[in-house]
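Trainee: I would like to take a close look at a single part of this protein and then see how the rest is arranged around it. Could you take me through it slowly?

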Amino acid sequence: MNWRPLSSKELQAAEHYVRLAMAQAELAAQTGNAPFGAVIVDALGEVVAAEHNRVREALDPSAHAEINAIRVACRRMQMPTLEGYLLYFNKEPCPMCLVCAIEAKLSAVYYGDPDDGSPPVALPAAEIVRRAAVDHRVQVHGGILAEETRHHREDLLRRYSS
């Protein structure tokens, strides 16, 4: 899945930002949304967007954490693409969100635990990137804190589901 192995410094940074995405997932769960969070970081490591799933509160099926973060980052940076920016997420992105990351020209996507095949279209992130008919390739790095992200999300579902 990884285009190249992460260095120890890159892995340490990825773990930090995935944990920030996990904090956003907690905000989502607290507001009755699915426990997903996303963070977008610039080349200097500055967080430019931190968002969570808002599908229920926005009454918008596209208001996934990654989509929300991409929208915020594009507005903040005042540009429609995010070349050089990195997306961190607490779970493998769904096809809709990954295609949006490709369209936004994000440089890389890092995520926690892999998808369990539950979304309406169960395709691994690396496969979607491989099949994308575009000249821009997003690097995909999965399994960042996989057990920790899975346990965290399961705990949030137990605590906040009614």
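Trainee: In which strand does His52 lie?

Mentor: Please keep in mind that this is a predicted model. His52 lies in strand β2, and with a relative accessible area of 6% it counts as buried, because the cut-off for that word is under 20%. If we leave aside its neighbours within four places in sequence, the contacts of His52 include Gln24, Leu27, Ala28 and Thr31, and further along the chain Phe36, Gly37, Glu57, Ala63, Ala65 and Asn68.

To place this residue in the whole, it helps to know that the protein chain has six helices and five strands, which follow one another in the pattern α-β-β-α-α-β-α-β-α-β-α. Of the 162 residues in the chain, 46% are buried, and among contacts between residues at least 6 apart in sequence, 62% join residues at least 24 apart.

The strand that holds His52, β2, also takes part in the largest nonpolar core, which has 23 residues. At least two residues of this core are supplied by each of β1, β2, α3, β3, α4 and β4, and the largest share, six residues, comes from α3. Those with the most contacts inside the core are Ile40, Ile70, Leu82, Leu87, Ala101, Leu106 and Val109. Take Leu87 as an example: apart from neighbours within four places in sequence, it is in contact with Ala38, Val39, Ile40, Glu66, Ala101, Leu106, Ala108, Val109 and Tyr110. A second, separate core has 14 residues, with Leu6, Tyr17, Tyr88 and Ile144 among them.

Let us finish with helix α1, which spans residues 8-30 and therefore contains Gln24, Leu27 and Ala28, three of the residues in contact with His52. Helix α1 packs with helix α6, residues 146-160, at an angle of about 15 degrees and with the axes 10 Å apart. Since angles under 35 degrees count as roughly parallel, α1 is roughly parallel to α6, and their crossing is right-handed. On the α1 side the contact is made by Val18, Arg19, Met22, Ala25, Glu26, Ala29 and Gln30, and on the α6 side by Glu148, Thr149, His152, Leu156, Arg159 and Tyr160. Sorted by character, the residues of this contact are six nonpolar, three polar and four charged.

Notes: Residues are numbered from 1 along each chain as its sequence is written. This is a predicted model: local features need pLDDT of at least 70, side-chain atom pairs count only at pLDDT 80 or more; totals for chains, interfaces and linings use all residues. Side-chain values use heavy atoms; hydrogens and water are left out. Axes are lines fitted to C-alpha atoms, for helices over the stretch in contact, and angles run from 0 to 180 degrees between N-to-C directions. Helices (H or I, at least four residues) and strands (E, at least two) are DSSP runs, numbered from the N terminus. Angles under 35 degrees count as roughly parallel, over 145 as roughly antiparallel, 65 to 115 as roughly perpendicular and the rest as oblique. A crossing is left-handed if the near helix is turned anticlockwise from the far one by less than a right angle, and right-handed if clockwise. Contact means heavy atoms within 4.5 Å. Ala, Val, Leu, Ile, Met, Phe, Trp, Tyr, Cys and Pro count as nonpolar, Asp, Glu, Lys and Arg as charged, and the others, Gly among them, as polar. A nonpolar core is a set of buried Ala, Val, Leu, Ile, Met, Phe, Trp, Tyr and Cys residues joined through side-chain atoms within 4.5 Å. Buried means under 20% relative accessible area, exposed over 50%, partly exposed in between (1.4 Å probe, protein chains only).
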